[in-house]
Amino acid sequence: MRSSGACVLMVVAAISAAGCATDTVAGQATAAVDSFAPSEGDRDPSIRIPGVVITEIAPGQQHVLRTQRVAYPTIPAVGGPHDSQWAACTGVVYAKALRTENAVHSLEHGAVWIAYNPAKVSAEDQATLSARVTDRQYTLMSPIPGMDHPISLQSWGHQLPLDSADDERIDQFIVALRENPYTTPEVGATCSSPLFDRNDPPPYDPTPPGPDAVPMPR
């Protein structure tokens, strides 16, 4: 994960979540019995997950053209201006790296995006991660070559860099933030995206954005 001075990030204090039991079904956490499920009295349970980074990003971000790039301050990005077409996030595990501007739109709809560095995550660990995503609404997974951390989880305004695919915080993050009505800018927006090519999506550009990139709002 990379960051610049253009965006101030707040690292949430590492508060232990002792006694948190996570039920699983086919490798997926069950929010109904998990203490990290959001509620009116506990709108953002992710603040109790050690290592979560929160960035204040206003809703209603502008759409950019397919030919435009956004000067996101982190890799992966966690919000901001984005393409009008969202990446399908109906439990899709992408084999290829996604254009960031499409993935960010999925976050606006309430998705959790699991990104990983294929050079740092084994095939076995990739399978462990994909079990948390496959056919699960409002999730997606894709590689990002050259990413600093082996694994990084994103939702709108939230990020959790990790080293291990077996880290219990992955399920906690998903339960806390997937379709969270208190942190999702567009609650109820669909993750189905029939026009988005899952097999050959718009490619990820690893080069730094140029001077003509769309800036992040201040």
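**Cores, a buried helix and a cavity**

Q: Between which helix and which strand does the loop with Arg132 lie?
A: This is a predicted model, in which local features need pLDDT of at least 70, side-chain atom pairs count only at pLDDT 80 or more, and totals for chains, interfaces and linings use all residues. Residues are numbered from 1 along each chain as its sequence is written, while side-chain values use heavy atoms and leave out hydrogens and water. Helices (H or I, at least four residues) and strands (E, at least two) are DSSP runs, numbered from the N terminus. The loop that holds Arg132 lies between helix H2 (123-130) and strand E9 (139-143).

Q: Is Arg132 buried or exposed?
A: Buried means under 20% relative accessible area, exposed over 50%, and partly exposed in between (1.4 Å probe, protein chains only). Because the relative accessible area of Arg132 is 9%, this residue is buried.

Q: Which residue has the backbone oxygen that the side chain of Arg132 reaches?
A: The distance from the side chain of Arg132 to this backbone oxygen is 2.9 Å. The residue that carries the oxygen is Ala165.

Q: Why is H1 described as largely enclosed by the rest of the structure?
A: The buried residues of H1 include Thr100, His105 and Glu108. They pack against strand E5 (63-64), strand E6 (82-83), E8, E9 and strand E10 (151-155). H1 is largely enclosed because the number of its residues that are buried is 9 of the 9.

Q: Which element gives the most residues to the largest nonpolar core?
A: A nonpolar core is a set of buried Ala, Val, Leu, Ile, Met, Phe, Trp, Tyr and Cys residues joined through side-chain atoms within 4.5 Å. The largest has 29 residues, of which Tyr94, Leu98, Trp113 and Leu140 touch the most other members. Helix H1 (100-108) and strand E8 (112-116) each supply at least two residues. With 3 residues, the element that gives the most is H1.

Q: How many residues are in the other core, which includes Ile49 and Tyr116?
A: This core lies apart from the largest one, and Leu129 and Ala176 are also among its residues. Its number of residues is 22.

Q: How many charged residues line the second largest cavity?
A: On a 1 Å grid over the protein atoms alone, a cavity is a set of points where a 1.4 Å probe fits but cannot get out, and lining residues have an atom within 4 Å of a point. The lining includes Leu107, Gly110 and Trp156. It divides into 5 nonpolar and 4 polar residues, and the number of charged residues is none.

Definitions and conventions:
Polar contact = N/O pair within 3.5 Å; in protein donor to acceptor, adjacent residues only side chain to side chain. Contact = heavy atoms within 4.5 Å. 1 Å grid on protein atoms, 1.4 Å probe; cavity = no way out; pocket = protein on both sides within 12 Å on 5 of 7 lines; lining within 4 Å. Nonpolar A, V, L, I, M, F, W, Y, C, P; charged D, E, K, R; others polar.
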